[in-house]
Amino acid sequence: MNHTTTLSAQPRRTRRIVFLVLAVLGVAGAVAVVRRPLMMSAPRCMAGQWHGCFDTFNGVVLMTLVALPLAALVVWALAHRRRGGGVGWAWRRSVAEVGMVHGTVPFLWLTMMPGAAAGTAPARVSLVPLRDLVTMGSVGVVGNLLIFAALGFFAPMRFAALASVPRILALGAGCSALVETAQYVLQLDRVSSVDDVLVNATGAVLAALASRRWWRTAAQAQSDRPHSVPEHAPAA
């Protein structure tokens, strides 16, 4: 039996190594592509200056990449603590929690950046579906798809209650509606568009479908657990 367990553990270990290598190669490739614009923001970011770092796209991306080792350390600490306490799916839960935060906060930060006429320009709303898709362009569409992609990818892996496509769709649409409402209330010189909600929710669903094999396994394992039946007190 120990030999069988060892054989079954080898494919899992191999998949983890392959996933880690692919992740490292992906990050290295992204850094190689955008290294020049990122290095333009590096001096201001390293000096802790707000203007030119945290209020620019390049600066936010750079700080997100710099924070990757810290995110990995937090994942390791959470997983180590959970494994010591006998908690199941320790690594998966830890990666999901950190991935949701680290993969969503930078995009929300970029989305909430004020425009040039913030505070003075009147708030703009577009409630006609599919009208703004033409003006978004490919870069805008891809950016909107990625805003809640990490949330859609990791949330069903962490929370069994969200382990379904309709619930992820509702989560993505609800979070996007909150963001669009905040843009309108704060007068950030941005258009609060229903198309942004549609594209953001679509990105969350596509990401959830990409991680479906992992969260379906966790949800099925939880549903297969025997439910305890409360004992009735003996009649007097």
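This passage describes two pockets and one loop residue in a predicted model.

The largest pocket encloses about 2400 Å³ of space. Its lining comprises 49 residues. Closest to the centre of this pocket are Phe-19, Leu-20, Ala-23, Val-95 and Phe-154. Seven helices appear below with their ranges, each giving two or more residues to the lining: helix 1 (2-33), helix 2 (35-46), helix 4 (57-66), helix 5 (68-84), helix 6 (90-111), helix 8 (149-158) and helix 11 (212-223). Helix 1 gives the most, with 14 residues. By class, the lining of the largest pocket holds 36 nonpolar, 7 polar and 6 charged residues.

The second largest pocket contains about 530 Å³ of space. It is lined by 20 residues. Gly-140, Asn-144, Ile-147, Arg-190 and Asp-196 lie nearest its centre. At least two lining residues come from each of helix 6, helix 7 (133-147), helix 9 (165-186), strand 2 (191-193) and helix 10. Helix 7 gives the most to this lining, with 8 residues. The lining of the second largest pocket divides into 8 nonpolar, 8 polar and 4 charged residues. Helix 6 thus appears in the lists for the largest pocket and the second largest pocket.

Ser-211 sits in the loop between helix 10 (194-210) and helix 11 (212-223). Ser-211 counts as buried because its relative accessibility is 0%, where the cut-off is under 20%. Beyond its neighbours within four places in sequence, Ser-211 is in contact with Gly-152, Phe-153 and Met-157. Of the two helices flanking the Ser-211 loop, helix 10 supplies lining residues to the second largest pocket, and helix 11 to the largest pocket.

Definitions and conventions:
Residues numbered from 1 in each chain as written. Predicted model: local features only at pLDDT ≥ 70, side-chain atom pairs only at ≥ 80, totals over all residues. Heavy atoms only, no water. Helix = DSSP H or I, 4+ residues; strand = E, 2+ residues; numbered from the N terminus. Buried < 20%, exposed > 50% of the residue type's maximum accessible area, 1.4 Å probe, protein only. Contact = heavy atoms within 4.5 Å. 1 Å grid on protein atoms, 1.4 Å probe; cavity = no way out; pocket = protein on both sides within 12 Å on 5 of 7 lines; lining within 4 Å. Points joined across faces, edges and corners; volume = space filled by probe spheres on them. Nonpolar A, V, L, I, M, F, W, Y, C, P; charged D, E, K, R; others polar.
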